[in-house]
Amino acid sequence: MNSLYVRALVVGVLVWPALASALTLDEALRLAQNNAPSLVAESAKLQAATQAAIPAGELPDPKLLVGLQNFPIGGPNRGTLYGDDMTQQMIGLQQQVPSRDKRKARVELADATIERTAAEGRIERLNVRQATAQAWIRAYAVERKEALFKDFYQQNRLLQDSVRAQLAGGRGQASDAVIPKQEAAELAGREDELTQQRAQARAALKRWIGAAANQAPSGQLPNWSIDSHGYSHNLHQHPELQAFVPRTREAQARVQEAKAQKTSDWSWEVDYGHRSREYGDMVTLQLSFDLPIFPGRRQNPGIAAKQAELDQLDAEREAATREHTQMLDDDLAVYQRLDRAVQRSQDSLVPLAEEKVTLSLAGYRAGKGDLLNLVSARRELVEARFKQIDALEQRALIGAQLYFAYG
């Protein structure tokens, strides 16, 4: 019992570092959701819009007025503060009151701005999740390709042994001994390219999740269920198209704000004037009103400009809808082609390439085949396996694009 426990503990110690350093797709998406700088910026942007909306419908701050009225600068009382009955020291309070329509339009505009900012945050969240998933997929595909080289090198060593056996038996040519070494050098070159691609893939992933991108991708390539009919039905729910709703509301609020410029603002003012004791103090109350009496040259052009911006937004929404419809149809067509390519690779291309290598090797060992034909068959197998992973990667990339945008 103790022996089994010790063995289990040793295995756990050896396996745990590998598990701890593995990075699944779900974990990468979670890290991006919590750590992506662009999402932090969008959150701060939404907070700023929310705070800016608080005073939208409030009155302007009142004004404190302090002054000296009717101070004589000529005549017998010039330069005296209390020599003239009109001279007074004044203190007052003034409050400007924008029209109710203007304040209502400002509140609606502030609320629409919050909604538009939140919609932009949803667009960025979609972009971050999609980009993170695609970066993880590329990193995972590179790891899959690198894992093939262990088998490639083992087969290369078997080839070298076969060549030496052939030469020892008096078959083949002396130059045949060089060919397996050339193949090994070519494999090393391909492996160096993958090392570069792995560094680039992890750098792309690090943009979204930080240092965790140095962990090895773990799990399987995602294979989302693609529903072309459902995606077409959900097209209007794409965040970029949904964002036109608050953008339209914001534009409509700007139109109402421009129309409200035709309504008159007003203000009130109360002043207290202190004079010399023999004349007595005074109180002044006055009201003032704006007179928008030339709307044709002032307010109407502004209204027309905001209405044109609203019409422009409607046209942009229609253009964006058509663009997304085209993109969806294109992506679905590409996905279907890649799905067939994956199946073809799994069902025929790779198995046939493996069979060709087996037959070529058997013929070479029996002295009935040429070494160059065997090497050519082995190269075809390497390319077939690489293309299989490429097809899986490309299908997963397009699948991520479809899933996060329309799924």
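Three strands, E2 (63-69), E5 (266-274) and E6 (282-289), each put at least two residues into a nonpolar patch on the surface of this predicted model. The patch is made up of Leu64, Val66, Ile91, Val270, Tyr272, Val283 and Leu285, and together they offer about 710 Å² of accessible area. Take Leu64, which sits in strand E2. Its relative accessible area is 62%, and since anything over 50% counts as exposed, Leu64 is called exposed.

Now go to helix H4, residues 100-168, where you'll find Thr117. Here the relative accessible area drops to just 3%, so Thr117 is buried. What does the side chain of Thr117 reach at 2.7 Å? That would be the backbone oxygen of Thr113. Setting aside residues up to four places away in sequence, Thr117 also touches Glu42, Lys45, Leu46 and Ala49.

Next, the inside. The largest nonpolar core has 30 residues, and Leu23, Trp136, Ile137, Leu205, Ile209, Leu221 and Phe404 are the ones with the most contacts inside it. Two or more residues of this core come from each of H2 (25-35), H4, H5 (178-209), H9 (299-365) and H10 (371-406), helices one and all. H4 is the top contributor to this core, giving 7 residues.

To see the surroundings of one core residue, pick Ile137: beyond its neighbours within four places in sequence, Ile137 is in contact with Leu221, Pro222, Glu393, Ala396, Leu397 and Ala400. Apart from this core there's another one, of 17 residues, including Tyr231, Leu241, Ala251 and Leu402.

Key
Residues are numbered from 1 along each chain as its sequence is written. This is a predicted model: local features need pLDDT of at least 70, side-chain atom pairs count only at pLDDT 80 or more; totals for chains, interfaces and linings use all residues. Side-chain values use heavy atoms; hydrogens and water are left out. Patches are made of residues with over 30% relative accessible area and no salt bridge: like charges are joined within 9 Å, nonpolar side chains (Val, Leu, Ile, Met, Phe, Trp, Tyr) within 5 Å. Accessible areas come from the Shrake-Rupley method with a 1.4 Å probe; for residues, only the protein chains shown count as cover. A salt bridge is a side-chain nitrogen of Lys or Arg within 4 Å of a carboxyl oxygen of Asp or Glu. Helices (H or I, at least four residues) and strands (E, at least two) are DSSP runs, numbered from the N terminus. Buried means under 20% relative accessible area, exposed over 50%, partly exposed in between (1.4 Å probe, protein chains only). A polar contact is a pair of N or O atoms within 3.5 Å; within protein, one must be able to donate a hydrogen and the other to accept it, and residues adjacent in sequence count only if both atoms are side-chain atoms. Contact means heavy atoms within 4.5 Å. A nonpolar core is a set of buried Ala, Val, Leu, Ile, Met, Phe, Trp, Tyr and Cys residues joined through side-chain atoms within 4.5 Å.
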